[in-house]
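Thanks for making time this morning. I would like to walk you through one structure slowly, pausing where two chains meet and where a sheet is built.

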Amino acid sequence: MASGPLETYSPSQTLERRHQQQKRKSFNEIDWARSDGRNFHQCRPAYLRTGATSSASGSAYAEFGSTKVIVSVFGPRESKKAMMYSDVGRLNCNVSYTTFSTSTRGQGSDNKDFSSMLQKALEGAIILETFPKTTVDIFALVLESAGGDLPIIISCASLALADAGIMMYDLVSAVSLSCFGKNLVIDPTSEEEACQDGSLMIAYMPIRNEVTQFTLTGEWSTAKINEAMELCLEACSKLSNILRSCLKENVLGFTD
Amino acid sequence: MVGLSAGEKQFMHGGIAQDLRSDGRQRLQFRPISIQTGVIPQANGSARVTLGTTVVIASIKAELGKPAPLRPDKGKVVIFIDCSPTAGPMFEGRGGEELSSELSVGLQRCLLGGKSGAGAGIDLSSLVLAEGKICWDLYIDGLVISSDGNLLDALAAAIKVALSNTGIPKVSVIVEASAEDQLEVNVSDEEFLQFDTSGVPVIVTLTKVGRHYIADATSEEESQMSSAVSVSVNRHGRVCGLTKRGGAGLDPSVMLDMISVAKHASENLIAVLDSEIAAAEAAEDDGS
Amino acid sequence: MEYVSSLTGFRFDGRRPNEMRQIRGEIGVLAKADGSALFEMGNTKVIAAVFGPREVQNKSQQIDNQALVRCEYSMANFSTGDRARKPKGDRNIISYSADHGSKYINTFDASFSGKNLKQIDIFLQVLQADGGTRSACINAATLALADAGIPMRDIVTSCSAGYLCSTPLLDLNYVEDSAGGPDVTVGLLVKMDKMTLLQMDAKLPAEIFTDVMQLAIEGCKAIASYIREVLLENTKTLECMRGS
């Protein structure tokens with residue numbers, strides 16, 4: 001058994017597993033307390049700042065609970081020569097994780113799925129016609145991963161794009177939601193994500209009233225989708241206001 | 001990429017607005033679908049699905065493996081999709097990788113359910129032979145042979161048909177109390193167990209062209225899409241997964257409308273697939 | 001191991017030593033390709049698609065007075081008995097495909113009158129591998145090229161032969177192929193009686209090698225007559241459809 005973990009050497013593994021199983025049991029109950037004391041429809045407090053890196057055209061830092069993300073935007077710059085001519089701008093997104101982002105030391109790898117999801121979530125919001133033949137690079141780095149990574153990356157990236165002065169129809173804010181039996185839990189932590197029965201993620205432009213990205217896993221009835229979407233859209237609208245006030249603060253800071 | 005002239009675009013948009021598409025179909029009508037099972041004898045189950053001129057093959061292989069430590073009571077399912085260059089020169093070399101991974105992720109989302117395994121199309125607990133020790137690892141491979149739009153729906157249909165065609169060898173586990181990790185298994189050559197495929201969903205992709213949405217878009221129609229929503233629906237009318245494609249935003253109410261339309265369209269698709277599966281099974285029985 | 005029964009003289013799968021597996025060719029299996037074909041040799045199953053002649057995509061590869069023929073070979077994950085663990089970027093396959101490509105360039109270097117249409121792409125997709133994939137690929141490509149209407153000097157066919165249990169064996173299947181004995185693959189321009197491919201990677205006395213090669217050549221000829229039949233049949237149906 002070379003591949004599997006040696007159980008005799010690591011008691012913590014079995015402990016952890018027992019812990020996990022207990023936790024899973026508790027999630028099946030109708031009511032339980034979330035580990036960070038929130039109620040089901042309460043999001044984590046958001047801390048957002050623009051201008052996290054100075055060399056980039058625009059950047060933003062986001063901290064939701066212990067999930068920490070930094071996004072830098074470069075460009076618009078001339079598209080690579082090998083690319084075909086395009087009369088609209090291009091987006092190039094890259095999401096990567098640091099080696100210390102998770103509790104077990106990881107590889108610090110790129111996440112291709114997230115990269116393409118980020119691109120699709122933002123594409124609809126950016127006025128690509130304003131910068132033909134050019135490319136905007138968006139690099140997202142997850143410093144610490146503690147659940148809801150993708151929605152936080154999306155929100156943070158739209159803030160960074162605004163900071164870079166890229167023309168957008170609206171700010172994109174994104175919120176995810178987990179489903180446990182009958183319960184809908186908004187803004188799940190990674191512990192909750194690992195045991196969820198289903199998930200839903202929405203990226204939304206509140207002013208345009210348009211959904212730019214929507215994913216759903218697990219089995220859902222229409223009524224539940226309705227309820228979940230309502231919850232998420234409301235949270236997105238509120239998050240969008242926070243993003244906006246963060247941008248305003250930034251501008252006020254300049255004038256002072 | 002499909003290049004269309006301004007006239008062709010106009011024609012297509014006009015046709016869709018009048019509920020009569022270039023190939024004579026209505027907006028929510030699928031192209032003729034035909035299936036063939038057992039095309040890869042070396043696999044445990046396989047199927048070829050032809051949807052108009054889109055051709056895909058799905059193969060199911062089962063191998064004995066060990067359950068993940070955190071999920072001792074669940075088997076594992078791996079979905080991998082490949083786009084063959086025979087479908088078009090753009091898939092040459094690494095050209096197909098982006099689309100392949102997009103399709104793989106989309107299918108995983110629709111078939112594997114939530115993280116806890118709830119709502120999965122395939123009952124993962126049924127793959128376990130001895131809890132925490134031995135389980136079946138199910139490898140689902142999809143291959144796109146010819147591409148003319150709506151690959152995701154065709155692949156999901158092919159996987160559904162292939163799973164219904166899959167026979168997994170009956171395994172008896174000889175329990176030995178002394179050696180904990182070393183279980184002896186007896187894999188039967190003669191007895192095969194069929195899968196319960198009633199829960200496997202189908203995917204219906206609605207492509208938005210102009211103000212209307214159409215089912216089963218051809219690649220010409222896909223080149224004109226503003227956005228598309230792929231909804232996977234099971235037999236009970238429950239939504240099992242959803243992916244939005246294309247950059248343009250959608251109004252939330254439009255989105256909900258698309259979900260209910262897709263649900264309705266899925267009923268027809270499931271019925272067509274069921275009758276095709278029965279016909280293919282009968283044909284295979286006759287052949288052997 | 002006894003690959004040829006000493007009692008009956010039959011092979012594992014019940015064939016005689018000089019007997020080929022059942023072959024089947026089908027033209028026009030893909031709607032989107034300019035030419036396509038499916039070719040089966042026993043359980044080995046290959047799809048070939050031809051795109052072009054079209055504009056050369058990479059101008060630096062352009063050759064004057066000659067068409068650029070490119071070839072890519074890929075194996076489906078489910079094509080072999082054991083599922084391939086590594087789905088992509090297998091070095092073996094890349095070298096294999098380069099190998100193939102160069103072979104085709106030598107075979108089909110037809111020059112075209114159209115000045116800008118100088119690239120032909122051949123894509124081979126192995127659906128099932130049960131020995132003799134290379135031969136099946138070449139045969140499938142020939143059919144697909146003919147379907148695409150590419151002018152060829154002659155049709156190329158390929159067949160392999162091996163030598164096990166002191167008997168030359170035609171058209172090895174996977175079990176016989178993996179026995180480690182010599183395996184001679186021949187590609188032949190049948191009418192011109194010219195060889196385009198000859199490959200062997202084992203030790204074999206010269207006189208026996210000639211016998212084995214001769215057997216493979218006979219195999220090529222048999223396949224060629226079958227392919228000709230398929231093409232003729234196809235032409236007849238096309239004629240029927242035109243209604244002349």
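Let me begin with a single pair of residues, Leu216(A) and Leu242(B), because the definition of a bridge partner applies to them across two chains: Leu242(B), in strand 12 of chain B, is the bridge partner of Leu216(A). Please keep in mind throughout that what you see is a predicted model.

That pair belongs to a longer arrangement, in which strand 9 of chain A, residues 210-220, and strand 12 of chain B run antiparallel to each other and are joined over four bridges. If we widen the view to the whole contact between these two chains, we find that chain B contributes 31 residues and chain A contributes 39 residues. On the chain B side, the elements that supply at least two residues each are helix 2 (97-111), strand 12 (239-245) and helix 5 (252-287). Which of the elements of chain B gives the most to the side that touches chain A? It is strand 12 of chain B, with six residues. Sorted by class, this side of chain B holds 13 nonpolar, 10 polar and eight charged residues.

Chain B also has a contact with chain C, and there the count is 25 residues from chain B and 21 residues from chain C. On the side of chain C that touches chain B, two or more residues come from each of strand 3 (44-55), strand 4 (68-75) and strand 5 (117-128) of chain C, and the largest share, five residues, is that of strand 5 of chain C. By class, this side of chain C is made up of 11 nonpolar, six polar and four charged residues.

Now let us go back to chain A and look at a sheet within it. Here five strands form an open sheet with mixed pairing, and their order is 1-2-3-5-4. Strand 1 (46-50) and strand 4 (90-97) of chain A are the edge strands, each pairing on one side only, and from one strand to the next the twist averages 15°.

At one of those edges, strand 4 of chain A pairs with strand 5 of chain A, residues 134-144, in the parallel sense over eight bridges, and within this pairing Asn94(A) has Phe139(A) of strand 5 as its bridge partner. Helix 2 of chain A, residues 112-123, packs on the sheet and touches strand 4 and strand 5 of chain A, with a direction about 140° from that of strand 4. Helix 3 of chain A, residues 149-163, also packs on the sheet, touching strand 1, strand 2 (58-64), strand 3 (67-78), strand 4 and strand 5 of chain A, and its direction makes about 150° with that of strand 2.

Note on methods: Residues are numbered from 1 along each chain as its sequence is written. Chains are lettered from A and ligands numbered from 1 in the order in which they are written. This is a predicted model: local features need pLDDT of at least 70, side-chain atom pairs count only at pLDDT 80 or more; totals for chains, interfaces and linings use all residues. Axes are lines fitted to C-alpha atoms, for helices over the stretch in contact, and angles run from 0 to 180 degrees between N-to-C directions. Two residues are in contact if their C-beta atoms, placed from the backbone, lie within 7 Å. Ala, Val, Leu, Ile, Met, Phe, Trp, Tyr, Cys and Pro count as nonpolar, Asp, Glu, Lys and Arg as charged, and the others, Gly among them, as polar.
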